[in-house]
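Please read the following report alongside the sequence and the model, which are shown here.

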Amino acid sequence: YQRRVHGTLSECLFFFECFPGLSWPEGKMGKALRRFSKTFKTPRRPFEKERLDRELKLCGEYGLRCKREIWRVQLTLAKMRKTARTLLTLNENDERRIIEGPAILRRCQKYGLLDESRMRLDYVLSLTVPDFMERRLQTVVLKKGLAKSIHHARVLIRQRHIRVGKHIVTVPSFM
């Protein structure tokens with residue numbers, strides 16, 4: 001029994017390029033094709049002393065495994081700030097600003113970055129990396145007094161001793 005394939009391989013590739021949400025079916029074609037975006041951005045200057053010292057201090061203060069965790073937060077923060085900057089340049093009655101503005105503010109409130117009194121796009125621009133780091137589960141566990149140190153907090157999370165709501169969370173960077 002053989003499956004009939006309609007069209008050539010190039011026609012199939014064109015079809016999947018036109019519809020990015022679709023992927024290859026599992027089977028003879030190999031693994032399914034997916035679209036991934038980078039989650040972190042490496043620094044332009046790899047050996048800048050001030051940046052290296054700043055990153056090392058953050059790694060020690062928040063008990064991070066590697067500097068990639070800092071770079072991931074920096075990329076997220078950069079994307080949020082870029083969006084807020086572009087929205088602030090638009091008119092108050094612009095459709096894009098009306099839709100995306102409250103969405104980015106809701107996301108910041110959901111992560112605990114902004115409280116009710118600071119729910120404006122101007123405050124999104126003032127967010128910093130330590131603001132994000134303070135909201136990580138690893139830091140919250142330490143601040144609540146459940147762990148003796150930041151490293152102990154990470155171990156407790158990884159060993160499935162901490163739950164958020166009804167779910168056991170094993171990711172120290174959970175927000």
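Helices (H or I, at least four residues) and strands (E, at least two) are DSSP runs, numbered from the N terminus. Leu75 is found in helix H3, which covers residues 67-89. This is a predicted model, in which local features need pLDDT of at least 70 and side-chain atom pairs count only at pLDDT 80 or more, while totals for chains, interfaces and linings use all residues. Residues are numbered from 1 along each chain as its sequence is written, and side-chain values use heavy atoms, with hydrogens and water left out.

Relative accessible area places a residue in one of three classes: buried is under 20%, exposed is over 50%, and partly exposed lies in between (1.4 Å probe, protein chains only).

| Residue | Relative accessible area | Class |
|---|---|---|
| Leu75 | 17% | buried |
| Gln138 | 0% | buried |
| Val171 | 41% | partly exposed |

Leu75 and Lys41 are 34 residues apart in sequence, yet their C-alpha atoms are 6.3 Å apart in space.

Gln138 belongs to helix H7, residues 137-143, and its side chain makes a polar contact with the backbone oxygen of Ile150 at 3.1 Å; such a contact is a pair of N or O atoms within 3.5 Å, where, within protein, one must be able to donate a hydrogen and the other to accept it, and residues adjacent in sequence count only if both atoms are side-chain atoms.

Lys38 lies over the face of Phe40, at 5.1 Å from the ring centre, the criterion being NZ of Lys or CZ of Arg within 6 Å of the ring centre and within 35 degrees of the ring normal.

Val171 is found in the segment after strand S2 (167-168).
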